[in-house]
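Q: Got a minute to go through this model with me? I'd like to start with the cysteines.

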Amino acid sequence: MKDFIKRSLKTTISYGAGVFLFTFFLIAPISMENNRNTWIAVYSFVFFVFTCIFLYKQMWKAGEVEKRENNDINPVWYKGLLYGFAGFSPFFLLEILYFIIYPGMADTVGANIFHAVFRCGFGPMYFIIRMLGYSWYSYLLSSLIMPIIAFVGFFFGSGGKSISSLINERRKEEEDFLN
């Protein structure tokens, strides 16, 4: 149980770091006068990519460590998905609370703060939400991406492979075929 919590926190911390950096440097695209929403979406995409890379590497290492701890026996294939959902659960909770509580709140300072916390919490995925039209399924889809990235990282880490090694193997096969 201790390892489960520790590895789940890697997801929370990885995404939380992306959210923190997104929020900290948000002043640059907000200060743009022309096409502010477009600049925020581009900015969001850049931080989304960095957050995904960071999360993938963290979970890859967790998969590698778990395999080593189990005497090179591959862990259960879906364990990375469990770590991802458990680690992303604070953001799921924020999303559920937002959609339940915020519509009934009056236009107060507390409502504005809650709205700002929610928007910053899903900042790295803003471009997805914007692209899908701010609908309920855009928030649901964006919420599923981080657990899936955690799953992929853990899966490849426990298998001892990486995405780049798979791409390089394919290239080598294509080069061998062409020669």
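A: Sure. A disulfide here means a pair of cysteine sulfur atoms within 2.5 Å. Keep in mind that the model is predicted.

Q: OK, how many disulfides turn up in the whole structure?
A: Zero, after a search of the whole structure.

Q: Why no bond for Cys120?
A: Because its sulfur is too far away: the closest cysteine sulfur, in Cys52, is 18 Å off. The cut-off is 2.5 Å.

Q: And which cysteine sulfur is closest to that of Cys52?
A: The one in Cys120, at 18 Å. That is too far for a bond.

Q: Is Cys52 buried or exposed?
A: Buried, with 12% relative accessibility. The cut-off for buried is under 20%.

Q: What about the relative accessible area of Cys120?
A: That is 21%, so Cys120 counts as partly exposed.

Q: Switching to pockets. What volume does the largest pocket have?
A: About 150 Å³.

Q: Which residues line the largest pocket?
A: Phe22, Leu26, Ile30, Arg36, Asn37, Ile40, Arg119, Cys120, Gly123 and Tyr126. Note that Cys120 is among them.

Q: What is the lining like by class?
A: Six residues are nonpolar, two are polar and two are charged.

Q: Which helices each supply at least two lining residues?
A: α3, spanning 36-69, and α5, spanning 109-121.

Q: Where does the largest share come from?
A: From α3, with three residues.

Terms used
Residues are numbered from 1 along each chain as its sequence is written. This is a predicted model: local features need pLDDT of at least 70, side-chain atom pairs count only at pLDDT 80 or more; totals for chains, interfaces and linings use all residues. Side-chain values use heavy atoms; hydrogens and water are left out. Buried means under 20% relative accessible area, exposed over 50%, partly exposed in between (1.4 Å probe, protein chains only). On a 1 Å grid over the protein atoms alone, a cavity is a set of points where a 1.4 Å probe fits but cannot get out, and a pocket is an open set with protein on both sides within 12 Å along at least five of seven lines; lining residues have an atom within 4 Å of a point. Grid points are joined across faces, edges and corners, and a volume is the space filled by probe spheres set on the points. Helices (H or I, at least four residues) and strands (E, at least two) are DSSP runs, numbered from the N terminus. Ala, Val, Leu, Ile, Met, Phe, Trp, Tyr, Cys and Pro count as nonpolar, Asp, Glu, Lys and Arg as charged, and the others, Gly among them, as polar.
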